[in-house]
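User: Hi, could you walk me through this structure? I'm new to this, so plain words would help.

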Amino acid sequence: MARPLSPSLEADEFDRSMMERALDLARQAVNLGEVPVGSVIVHDRRIVSQAFNLRETLQDPTAHAERLAITLAGRALGSWRLEGCTLYVTLEPCPMCAGAIVQSRIARVVYGASDPKAGACASLYRLVSDPRLNHRASITAGVMEKECGEILSLFFQDRRVSSKLNRVDPGDPEGCLSG
């Protein structure tokens, strides 16, 4: 069983390179209109799976980057037990994904931006390191946090602007009164 560690800001160059790959995946998600979250799973310093959010594309509320990457890693390694694997993700995992991390026995989680509304590694819950569960993963938080947070902030800012531009005035359904 992996020994739980407190969230840490310590990351090596390999961690940063894997987070950069996760950010590349998050950028691909933006191109599909998906929330920009990317995830990479590594075993023995080799990428075994990678994914980005596909909730909108698949119309599947569970199609989070982490969950998809976990499924693909199990297939690639021929086992649901992902012992010795590290999961890199641009946003702190939610409770669903944290549960999948525990169930898959991932040894370590490295994430970029914290999620104060749904984070289940350290921000809101501590599911992946909860001593009451049968598995605990070590956590490294805040790797490339600024870059990971910016891509999300820009995505949601663009969404808000688009939403305002696409609103129809009930008194002017054809948009004739706009200047």
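Analyst: Let us begin with a turn, keeping in mind that this is a predicted model. Strands β1 and β2 form a hairpin with two residues between them, and Asp44 in that turn has a positive phi of about 50°.

User: How do β1 and β2 pair, and over how many bridges?

Analyst: They pair in the antiparallel sense over six bridges, with β2 covering residues 46-52. As one example of the pairing, Val40 stands opposite Gln50 in β2.

User: Which other strand is joined to β1?

Analyst: Strand β3, residues 85-91, is joined to β1 by five bridges, and these two strands run antiparallel. Here His43 stands opposite Cys85 in β3.

User: And how many residues of β1 are buried?

Analyst: Strand β1 spans residues 38-43 and is mostly covered, with five of its six residues buried.

User: Back to that positive phi, why is it worth pointing out?

Analyst: It is worth pointing out because most residues other than glycine have a negative phi. Gln59, which is not a glycine, also has a positive phi, of about 50°, and Arg105 is another non-glycine residue with a positive value, near 65°.

User: Where are Gln59 and Arg105 found?

Analyst: Gln59 is found in the loop between α2 (55-58) and α3 (65-77), while Arg105 is found in the loop between α4 (95-104) and β4 (108-113).

User: Is Gln59 buried or exposed, and what about Arg105?

Analyst: Gln59 has a relative accessibility of 62%, and because the cut-off for exposed is over 50%, it counts as exposed. Arg105 has a relative accessible area of 15%, and since buried means under 20%, Arg105 is buried.

User: New topic: you mentioned a cysteine in β3, so how many disulfides are there in the whole structure?

Analyst: A search of the whole structure finds zero disulfides. To be clear about the term, a disulfide is a covalent bond between the sulfur atoms of two cysteines.

User: What is the nearest cysteine sulfur to Cys121, and why is Cys121 in no disulfide?

Analyst: The nearest cysteine sulfur to that of Cys121 belongs to Cys97 and is 9.5 Å away, whereas a disulfide needs the two sulfur atoms within 2.5 Å, so Cys121 is in no disulfide.

User: Are Cys121 and Cys85 buried or exposed?

Analyst: Cys121 counts as buried, at 1% relative accessibility, and Cys85 in β3 also counts as buried, at 0%.

Conventions:
Residues numbered from 1 in each chain as written. Predicted model: local features only at pLDDT ≥ 70, side-chain atom pairs only at ≥ 80, totals over all residues. Heavy atoms only, no water. Buried < 20%, exposed > 50% of the residue type's maximum accessible area, 1.4 Å probe, protein only. Helix = DSSP H or I, 4+ residues; strand = E, 2+ residues; numbered from the N terminus. Pairing = 2+ DSSP bridges.
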